[in-house]
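Here's a quick walk through one helix, the core it feeds and a glutamate beside it. Have a look at the model first.

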Amino acid sequence: GSSGPRAPQPPPSASELHAVRRLLNANPTSPLSQLLLEHIDDPAVVTPGPAGAMTKQALAFKALLSLLRAGNSAELQNATMFLNHIIVRTPSAAQQAAQQAAQQAAQ
């Protein structure tokens with residue numbers, strides 16, 4: 001259900017990379033941060049490659065970048081759905097347990 005070939009996503013600018021890093025650092029316990037924080041300086045993650053060859057980290061970064069770049073509500077919705085799809089497939093039982101522990105500690 002796609003509308004023809006998509007242009008590859010351009011690599012992030014320095015300010016976009018900074019915005020993503022700031023977002024991840026602000027929410028270090030989120031599944032997204034746990035997935036991406038240690039890989040944010042990896043060129044293989046932040047530089048777009050062929051979709052089929054992308055790691056989960058690269059896909060998550062791409063989704064986050066799409067979210068930042070969304071120019072209208074449809075793009076925003078698509079990027080959000082893409083991100084949710086990646087995150088839903090990602091968390092391990094250990095991550096979920098750690099999150100629950102963190103939430104209980106915060107209460």
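Buried here means under 20% relative accessible area, with exposed over 50% and partly exposed in between (1.4 Å probe, protein chains only). This is a predicted model, so local features need pLDDT of at least 70 and side-chain atom pairs count only at pLDDT 80 or more, while totals for chains, interfaces and linings use all residues. Residues are numbered from 1 along each chain as its sequence is written, and side-chain values use heavy atoms, with hydrogens and water left out.

On H4, the buried residues are Gln57, Ala58, Leu59, Ala60, Phe61, Ala63, Leu64 and Leu65. Helices are DSSP runs (H or I, at least four residues), numbered from the N terminus.

Now the largest nonpolar core: buried Ala, Val, Leu, Ile, Met, Phe, Trp, Tyr and Cys residues joined through side-chain atoms within 4.5 Å. It has 20 residues, and Leu24, Leu32, Leu36, Ile40, Phe61 and Leu64 touch the most other members. Each of these helices supplies at least two residues of the core:

| Helix | Residues |
|---|---|
| H2 | 31-36 |
| H3 | 43-46 |
| H5 | 73-89 |

H1 and H4 each supply at least two as well, and H4 gives the most, with seven residues.

Beyond four places in sequence, leucine 36 is in contact (heavy atoms within 4.5 Å) with Leu24, Val45, Gln57, Ala60, Phe61 and Leu64.

What about glutamate 16, in helix H1 (residues 14-26)? Glutamate 16 is buried, because its relative accessible area is 18%. Not counting residues up to four places away, glutamate 16 touches Pro11, Leu65, Leu68 and Arg69.
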